[in-house]
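Visitor: I am new to this structure and would like a close look at a single part of it. Please choose one strand and show me how the rest is arranged around that part.

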Amino acid sequence: MRRLMGVFFSTILIFSFCIVLPGWTQEKKEMEGVYTIKKGDTLWDISSKFLKDPFLWPKLWERNPYITNPHWIYPGNPIRFSAEEPVKKEEPKMVSEEKPKESVAEPVVAKPEPPPVEKKPEVVAEVKPVQEEEKPFNFPDIRSAGFMSDMDYRGIGLVLESKEGKNLMSGGDIVYLAFKTSESILIGNKYTVFRVSDEIKHPLTGRTIGRKYNIVGNVQIIDQSGKFFTAKIIESFDAVMRGDYIQPYSKEKMEGLLIK
């Protein structure tokens with residue numbers, strides 16, 4: 001009888017250990033900075049849970065280089081929160097072109113002018129000016145001049161990554177965007193990309209009165225995948241970079257009319 005009771009309690013102990021072991025192993029991995037992907041997980045959700053900010057999901061992508069497409073992750077694969085420092089890509093060095101030296105002009109010898117010849121006044125028919133239609137006229141300096149604000153403005157979205165992995169992007173490049181707004185984001189919509197610049201101080205008191213924000217370009221939505229959007233840079237006034245912010249597109253400012 002005692003032998004049967006011993007076998008019974010041993011069986012219960014082994015069964016409990018098998019149930020607790022997987023959960024304990026998963027908790028140990030999470031404490032070591034590794035999370036195992038479950039069905040239905042996205043980098044957005046994992047970043048929100050462990051990094052407390054869903055917009056930091058590109059850092060998880062960067063720390064797990066085996067992920068080739070951030071929209072496709074598979075259950076059972078590990079996600080590491082702290083990885084080795086990624087190898088920094090060297091920025092292309094700008095080679096300044098040397099301007100040709102100006103040649104010294106030879107002294108010009110003034111030639112004697114011939115005596116003036118009297119001309120009879122000609123009768124010129126009056127030409128009436130032809131009225132022109134209204135034509136679109138853009139002011140590049142105004143469109144890219146940016147704006148100033150006394151608040152910490154971060155727009156309604158963020159440039160996440162370039163499709164080709166570029167650090168500096170310009171017109172024609174494809175980028176991935178994320179939005180944090182309740183308004184509908186539709187394919188075909190245009191948005192303006194801007195970047196936070198220097199603080200502006202009062203010339204007399206030295207007190208900070210605001211901050212300048214530079215306009216760097218405009219993008220247009222071409223595709224959507226879940227919470228993320230794909231856009232094309234339709235024009236750029238400066239290089240577009242990862243981390244630049246997005247604000248609504250102003251048609252009056254970007255497509256103004258000038259009546260001639």
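Guide: Let's start with a rule: two strands pair if DSSP finds at least two bridges between them. Helices (H or I, at least four residues) and strands (E, at least two) are DSSP runs, numbered from the N terminus. This is a predicted model, in which local features need pLDDT of at least 70 and side-chain atom pairs count only at pLDDT 80 or more, while totals for chains, interfaces and linings use all residues. Residues are numbered from 1 along each chain as its sequence is written, and side-chain values use heavy atoms, with hydrogens and water left out.

The chain has 5 helices and 11 strands, and our part is β5, residues 157–162. β5 has two antiparallel partners to look at. With β6 (174–179), β5 shares 5 bridges; there, valine 159 stands opposite leucine 177. With strand β10 (residues 245–248), β5 shares 2 bridges, and glycine 157 stands opposite isoleucine 246.

Is β5 mostly covered or mostly open? It is mostly covered, as 6 of its 6 residues are buried (buried means under 20% relative accessible area, exposed over 50%, partly exposed in between, with a 1.4 Å probe and protein chains only). For the chain of 260 residues, the buried share is 27%.

β5 also helps to build the largest nonpolar core, a set of 24 residues. Such a core consists of buried Ala, Val, Leu, Ile, Met, Phe, Trp, Tyr and Cys residues joined through side-chain atoms within 4.5 Å. α2, α3, β5, β6 and β8 each give two or more residues to this core, and Leu43, Ile46, Trp57, Ile79 and Leu160 have the most contacts inside it. A second, separate core has 17 residues, among them Ile156, Val216, Phe229 and Ile233. In soluble globular proteins, nonpolar side chains tend to be buried together.

Now for the rings around our strand. The structure holds 12 aromatic pairs; rings of Phe, Tyr and Trp (its six-membered ring) pair if their centres lie within 6.5 Å, and planes under 30 degrees apart count as stacked, over 60 as edge-to-face and the rest as tilted. Tyrosine 153 and tyrosine 213 make an edge-to-face pair, 6.2 Å centre to centre with 80° between the planes. Tyrosine 153 sits in the loop between β4 and β5, and tyrosine 213 in strand β8, 60 residues apart. Tyrosine 153 is partly exposed at 23% relative accessibility, whereas tyrosine 213 is buried at 0%.

On the partner strand β6, phenylalanine 179 meets phenylalanine 229 of strand β9, 50 residues apart along the chain. Their centres are 5.5 Å apart and their planes lie at 85°, so this pair is edge-to-face. Both rings belong to buried residues: phenylalanine 179 has a relative accessible area of 10%, and phenylalanine 229 has 8%.

A word on confidence to finish. pLDDT is the predictor's confidence in each residue, from 0 to 100; the chain's mean is 75, and 62% of its residues reach 70 or more. Over residues 84–90 the value is below 50. Where pLDDT is low, the predicted coordinates should not be read in detail.

Conventions:
Contact means heavy atoms within 4.5 Å.
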